[in-house]
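Please open the model in a viewer and keep the sequence panel visible. The tour below proceeds selection by selection.

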Amino acid sequence: MSVWNVIILYSVSLILLPISFIADRQKTRAALNKAWKEFFKLAVPLFFLIVLVAGSLYFFSEERISDLIGQKSGFSDIIFAALLGSVAAVPGFIAFPLAGVLRGLGVAWSVIAAFTNSLMLVGVLTFPLEKKVLGTKAALIRNLACFAIAVAVAAVIGVVL
Amino acid sequence: MKKTFCIVLAILWCLFLCFSFFFSYQPGEIIGKHFLTFGGSLLGLLPPAFILIGLFHVWVKQETIMKHMGHEAGLKGHFWAILLSSSILGGLPVALPVAMALYSKGASLAVMFTLLGASCVCRVPMTIFEASFLGVPFTLIRWAVSLPLIVLSSYAIAWVMGDQILPGKDFK
């Protein structure tokens, strides 16, 4: 996550907050109250999300992933890479360079795409958080649909590139 | 009951990390380091995000959201959702509260699911990274295939859910 984006996010909220305060104190107080309550509601699932991500970063480290999906290209390997991407939590700034290296080693585009797509789309680790907000049913269907999309995109990329 | 269970788990976790550092148990140390860096970056991102969500709650009128992202808005609502999702930082932990805020203000279920799906697919900073390492064609194909599928699947999920109300919806 680039520092600049975070700075922009802070600037926007720190500019809007005083403007809102000048416009209407009562409403601004309600807004902050709301912000705190929303955060508090998600505090527990967020904590466990951080725990899960920390564990996943250890068990599915950069080296482990390149060992697991290196030198593969069949359809079952696409599914395997997509499953791996679903449980991994590697941040983009590590995952994409890694994907570039794997490509250099001759790993098929479709396998690389299956991994990076599911990494972004499917959240096994964020499931407790999603469940809290969306309910089990919606969270489950959503993640299954996202998994299917990740595999479909990987298949198209494999055919086109 | 569930609360005490969570607290016990959290305490056990902290003990595990403390012991790992104390006795230099290597896997524990690595996990602890990831825990602190990832937790730190997420917690750094959340205050401004939640402040913006709070301001959104008090200043944006329900009619506005209903008109542009509600049931009558059609595909236009999905367009706004995709545009908004591309600017969301921090992935799902931030996109979820944003989606819930919109949903509580009258955005349709389908639009909300599009926002969640699209926030995974077209965040701008991440996409720039992807294109520079895997090539622009890779990113273009990914967008061209995944965005329509996300919109379609959102309609499907909304259809399956029917009139069910999500637990995160908040009534005022």
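The stops that follow move from whole chains to pairs of helices and then to single residues.

**Stop 1: chain A**

Before selecting anything, note that this is a predicted model. Select chain A and colour it by secondary structure: eight helices and zero strands will appear. Read from the N terminus, the elements follow the order α-α-α-α-α-α-α-α. Orient the view along the principal axes, and the C-alpha atoms of chain A occupy a box of roughly 60 × 35 × 30 Å. How does the radius of gyration of chain A stand against that of a compact globule of 161 residues? Chain A has 20 Å, whereas such a globule would have a value near 15 Å.

Now colour chain A by accessibility; of its 161 residues, 47% are buried. A contact map of chain A adds the sequence view: among contacts with a separation of 6 or more, 75% are between residues 24 or more positions apart.

**Stop 2: chain B**

Switch the selection to chain B, which also comes to eight helices and zero strands. Its elements, taken from the N terminus on, run α-α-α-α-α-α-α-α. The radius of gyration of chain B is 20 Å, well over the 16 Å given by the globule rule for 172 residues, so chain B is more spread out than a compact globule. Along the principal axes, the C-alpha trace of chain B spans about 60 × 45 × 30 Å.

Buried residues account for 52% of the 172 residues in chain B. In the contact map of chain B, 68% of the contacts between residues at least 6 apart in sequence join residues at least 24 apart.

**Stop 3: the two α2 helices**

The next stops concern pairs of helices. Two packed helices are described by the angle between their axes and by the distance between those axes.

Select residues 25-59 of chain A, which form helix α2, together with residues 26-59 of chain B, which form helix α2 of that chain. The axes of these two helices come within 8 Å and cross at roughly 155 degrees. Because angles over 145 degrees count as roughly antiparallel, α2(A) is roughly antiparallel to α2(B). The contact of α2(A) with α2(B) comprises 28 nonpolar, five polar and three charged residues. Looking at the handedness, one finds that α2(A) passes α2(B) in a right-handed crossing.

**Stop 4: α1 and α2 of chain A**

Keep α2(A) and add helix α1 of chain A, residues 3-23. The axes of α1(A) and α2(A) come within 6 Å and cross at roughly 135 degrees. The two helices are therefore oblique to each other. Show side chains for A:L17, A:S20, A:F21 and A:A23 in α1(A), which meet A:R25, A:T28 and A:L32 in α2(A). By class, this contact of α1(A) with α2(A) has four nonpolar, two polar and one charged residues.

**Stop 5: α1 and α2 of chain B**

Move to the corresponding selection in chain B. At what angle do the axes of α1(B) and α2(B) cross? They cross at roughly 120 degrees and come within 8 Å. α1(B) and α2(B) are therefore oblique to each other, and their crossing is left-handed. On the α1(B) side, display B:W13, B:F16, B:L17, B:S20 and B:F21; these meet B:G28, B:E29, B:I31, B:G32, B:K33 and B:F35 in α2(B). The contact of α1(B) with α2(B) divides into six nonpolar, three polar and two charged residues.

Between these helices, select B:S24, which lies in the loop between α1 (2-22) and α2 of chain B. The phi angle of B:S24 is near 40 degrees, a positive value in a residue other than glycine.

**Stop 6: two serines**

Return to helix α1 of chain A and centre on A:S13. Is A:S13 buried or exposed? A:S13 is buried, with a relative accessible area of 1%. Leaving aside neighbours within four places in sequence, A:S13 is in contact with B:P48, B:I51 and B:L52.

Finally, select B:S146 in helix α8 of chain B, residues 136-161. B:S146 is buried, with a relative accessible area of 1%. Not counting residues up to four places away in sequence, B:S146 touches A:I149, A:V153 and B:V121.

How values were computed: Residues are numbered from 1 along each chain as its sequence is written. Chains are lettered from A and ligands numbered from 1 in the order in which they are written. This is a predicted model: local features need pLDDT of at least 70, side-chain atom pairs count only at pLDDT 80 or more; totals for chains, interfaces and linings use all residues. Side-chain values use heavy atoms; hydrogens and water are left out. Axes are lines fitted to C-alpha atoms, for helices over the stretch in contact, and angles run from 0 to 180 degrees between N-to-C directions. Helices (H or I, at least four residues) and strands (E, at least two) are DSSP runs, numbered from the N terminus. Angles under 35 degrees count as roughly parallel, over 145 as roughly antiparallel, 65 to 115 as roughly perpendicular and the rest as oblique. A crossing is left-handed if the near helix is turned anticlockwise from the far one by less than a right angle, and right-handed if clockwise. Ala, Val, Leu, Ile, Met, Phe, Trp, Tyr, Cys and Pro count as nonpolar, Asp, Glu, Lys and Arg as charged, and the others, Gly among them, as polar. The radius of gyration is taken over C-alpha atoms; the globule rule is 2.2 Å times the number of residues to the power 0.38. Buried means under 20% relative accessible area, exposed over 50%, partly exposed in between (1.4 Å probe, protein chains only). Contact means heavy atoms within 4.5 Å.
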